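Please open the model in your viewer and keep the selection panel at hand. The stops below are meant to be taken in order.

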Amino acid sequence: MDGFEFRDGRLWAESVAIEEIVGEVGTPVFVYSAETIREHLARLSEAFSPLSPQLRFSVKSCPNLSILKLVLDTGAGLDLVSGGELHRAIAAGADPAQCVFAGVGKTDTEIDAALAAGVGLFNVESGEELATLTSRCEALGRSARAALRINPEVEPGTHRHTATGRRATKFGVDLAEAAAIFKGHDHRSPLRLVGLHLHIGSPIATPAPYLDAIDKALSLRDDLRKAGCTIEVLDLGGGFAADYTTGQAPPAKAYAERFLPRLAPAVAEGLEIILEPGRSIVANAGILLVRVVFTKNSGGRRFAICDAGMNALIRPSHYDAFHFIWPARVGEHWVPPRREAAPPLEDLEVVDVVGPLCETGDYLALDRALPPLARGEVLAVFTAGAYGMSMANRYNSSPLPAEVLVDGDRWRLIRARESYDDLLEHERPARLARALPSPPLSTSCP
Ligand SMILES: Cc1ncc(COP(=O)(O)O)c(C=O)c1O
């Protein structure tokens, strides 16, 4: 389910016509549906309710403050992977005790900030990090809880850039090393090592890889128990799939039904379960609107050149990801019955939907069958809510897009479009002087 549909050939976000938003805000703009986010969180929560999991929304998927506030209002906490995300979480009003903090490269500054804020659980990714976190707790006189991220060596069946639980990735520690780390940890220290953390990749369209990983985690938990270490928390990470094409992703209950028999006995013994969903909550809750600047034919191909490409949505070029794209206004006979690569409609034209950047890899879709496109037309790029704006960049000095949140028949701007002046902000002399008040003298530069 999501809040975007065609009515009489016009695209609507909940009860707001997309044309109204574009008319006022322009393009490129990300538009989110509040109801879709609430609905996806509710479904996940309901599906997993027998395990009473703590939901920790993955900030990296869609970090806008208004989106975080919306998520926090449902009672969920947040999953963080950087000091910047901690800063955002606090600005959005999150209770740090309801946040988990993962990330392979936490700096001492980030660790200290998270300890000072009282983050509920550190997901530690190496022996060195555990030692550092322990010593920072001692130095600052703080106590904290940690889970060790393990690498269960499973094949998640995703793009190589987002497969994190395979052997020899930079994430977590090998199972054999995990046991040694637990046994070697001083359990009287102010850092309580109480849990295991997994995040095996994303998007994962079948429960099977999770089951494999859960079995390995539960077996490690048994071994550790025999060695006198109690595991109180199992954080299963995120990674649930989203509907990039209609009906592609299993519903939350399809994962939950398979997880329950394995996890229920441990939960009955007191094991806390944490889930860190991002994509499955926000991907379908967001679309990106771009405008066709020019069309042209070249080398036997047809191109629609838009006012944004991989600067706004890098997923097609970075992950070979499919995003359904369709004009925001079409004749009735071109309303797509489903979101899929080749809708069963007449008179479509195959086109490459590309961005304006000076790079051949700058595209949103290749070889896509679409109604014939014309200069000035607005295109909707669907399922762009997760890892869209959060991975957007300023390549070619492109200001970051605006963001809009729709809730029922109301909508509001939740991030202003960047201006050209914003692009220069951090290079201005006054800003540089604030950053480094007394720059070291250099003899090599004029
Ligand atoms: C540690 C961790 N947890 C959760 C997530 C969220 O994953 P997804 O958005 O696929 O649910 C990620 C994403 O990369 C992650 O690295």
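Begin by selecting proline 203, which sits in the loop between strand S11 (191–197) and helix H8 (208–226). Bear in mind throughout that this is a predicted model. Now add serine 202 to the selection and look at the bond that joins it to proline 203: this peptide bond is cis, with omega near -10°.

Keep serine 202 displayed and bring in the ligand, since Ser202 is listed among the closest of the 14 residues that surround it, together with Gly239, Glu276, Arg279 and Tyr387. If you colour this shell by class, you will find two nonpolar, seven polar and five charged residues.

Which atoms of the ligand should be labelled next? Select the side chain of glutamate 276, where an N or O atom lies 2.5 Å from a nitrogen atom of the ligand. Then select the side chain of aspartate 79, which likewise offers an N or O atom, here 3.2 Å from a nitrogen atom of the ligand. For glycine 278, show the backbone instead, because the polar contact there, being a pair of N or O atoms within 3.5 Å, is made by a backbone N or O atom that lies 2.9 Å from an oxygen atom of the ligand. With these contacts on screen, switch to a surface view: taken alone, the ligand exposes 400 Å², and the protein buries 91% of that.

Leave the ligand and move to threonine 27 and proline 28, which are joined by another bond worth inspecting, a cis peptide bond with omega of about -5°. Proline 28 has its place in the loop between helix H1 (18–25) and strand S4 (29–33).

Continue along the chain to helix H2 (residues 34–47) and select helix H3 (residues 65–73) with it; their axes come within 10 Å and cross at roughly 40°. The two helices are therefore oblique to each other, and the crossing of H2 and H3 is right-handed. Before moving on, pick out serine 52, in the loop between H2 and strand S5 (54–58). Serine 52 has a phi near 45°, a positive value in a residue other than glycine.

For the final stop, select helix H4 (residues 83–91) and helix H5 (residues 108–117), whose axes come within 9 Å and cross at roughly 25°. That angle makes H4 roughly parallel to H5, and H4 passes H5 in a left-handed crossing.

Notes. Residues are numbered from 1 along each chain as its sequence is written. This is a predicted model: local features need pLDDT of at least 70, side-chain atom pairs count only at pLDDT 80 or more; totals for chains, interfaces and linings use all residues. Side-chain values use heavy atoms; hydrogens and water are left out. A residue is near a molecule or strand if one of its heavy atoms lies within 4 Å of it. A polar contact is a pair of N or O atoms within 3.5 Å; within protein, one must be able to donate a hydrogen and the other to accept it, and residues adjacent in sequence count only if both atoms are side-chain atoms. Accessible areas come from the Shrake-Rupley method with a 1.4 Å probe; for residues, only the protein chains shown count as cover. Ala, Val, Leu, Ile, Met, Phe, Trp, Tyr, Cys and Pro count as nonpolar, Asp, Glu, Lys and Arg as charged, and the others, Gly among them, as polar. Axes are lines fitted to C-alpha atoms, for helices over the stretch in contact, and angles run from 0 to 180 degrees between N-to-C directions. Helices (H or I, at least four residues) and strands (E, at least two) are DSSP runs, numbered from the N terminus. Angles under 35 degrees count as roughly parallel, over 145 as roughly antiparallel, 65 to 115 as roughly perpendicular and the rest as oblique. A crossing is left-handed if the near helix is turned anticlockwise from the far one by less than a right angle, and right-handed if clockwise.
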